[in-house]
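Dear colleague,

I am passing on the structure we spoke about, with the sequence alongside. Please look through it first, and then read the notes that follow.

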Amino acid sequence: MITITEKAIVVVKDALCQAPQPANGLRIAVQVGGCAGLKYLVGLDNGPRERDALIETGGVKVFVDAGSQPHVAGLTVDFVAGSQSSGFIFDNPNTREKCACGKSFS
């Protein structure tokens, strides 16, 4: 369902090790908002909730709620580090349109 690149896996593992609260994986969700209609929410989480999909890749657990699953099927998550900004980037085959920042889509 979701592919996470090696760069992104390294960043997530590092974040999990440094988390102030116990965390066992990465939660990826889609929520209404952003300039294109939908936006990604990414954060550390303790574990799966009821009806979550659990994806394990490269030693990282990814949790996706049932409502977000259709929006992220086939999603590739990468991480870029640059001099002006760093962060996750999303390559989603389900998008029809996305905003310039790449974090909002429809």
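In this predicted model, helix α1 has A8, I9 and V12 as its buried residues. When one looks down the axis of α1, these buried residues fall within an arc of 100°, and they therefore line one face of the helix. The face turned away from that buried side carries exposed residues, namely E6, K7, V10, C17 and Q18. As for what lies against the buried residues of α1, they pack against the strands β1 (2–4), β2 (25–32), β4 (53–57), β5 (60–64), β6 (75–81) and β7. The length of α1 was also checked: its 13 residues, 6–18, should span 18 Å at 1.5 Å a residue, and the end C-alpha atoms are 19 Å apart, which agrees.

Turning to the strands, β2 and β3 run antiparallel and are joined by eight bridges. They form a hairpin with five residues between them, and G33, which sits in the turn, has a positive phi of about 145°. Within this pairing, V30 stands opposite Y40 in β3.

Y40 also takes part in one of the two aromatic pairs that the structure holds. Which residue is its partner, and how are the two rings arranged? The partner is F90, and because the ring centres are 4.1 Å apart with the planes at 20°, under the 30 degrees that serves as the cut-off, the pair counts as stacked. This pair links distant parts of the chain, since Y40 belongs to strand β3 (residues 38–45) and F90 to strand β7 (residues 86–91), with 50 residues separating them. Both Y40 and F90 are buried.

The other aromatic pair is formed by F79 and F88, and it is edge-to-face, with 5.3 Å from centre to centre and 80° between the planes. F79 has a relative accessibility of 18%, so it counts as buried, and F88 is likewise buried, with a relative accessible area of 18%; the cut-off for this class is under 20%.

Finally, there is a backbone detail that you may wish to look at in the loop between β3 and β4, where R51 lies. The phi of R51 is near 75°, which is a positive value in a residue other than glycine. Is the side of R51 buried or exposed? R51 is exposed, with a relative accessible area of 64%.

With best wishes

Methods. Residues are numbered from 1 along each chain as its sequence is written. This is a predicted model: local features need pLDDT of at least 70, side-chain atom pairs count only at pLDDT 80 or more; totals for chains, interfaces and linings use all residues. Side-chain values use heavy atoms; hydrogens and water are left out. Rings of Phe, Tyr and Trp (its six-membered ring) pair if their centres lie within 6.5 Å; planes under 30 degrees apart count as stacked, over 60 as edge-to-face and the rest as tilted. Helices (H or I, at least four residues) and strands (E, at least two) are DSSP runs, numbered from the N terminus. Buried means under 20% relative accessible area, exposed over 50%, partly exposed in between (1.4 Å probe, protein chains only). The expected span of a helix is 1.5 Å times one less than its number of residues. The arc is that of the directions from the helix axis to the C-beta atoms. Contact means heavy atoms within 4.5 Å. Two strands pair if DSSP finds at least two bridges between them.
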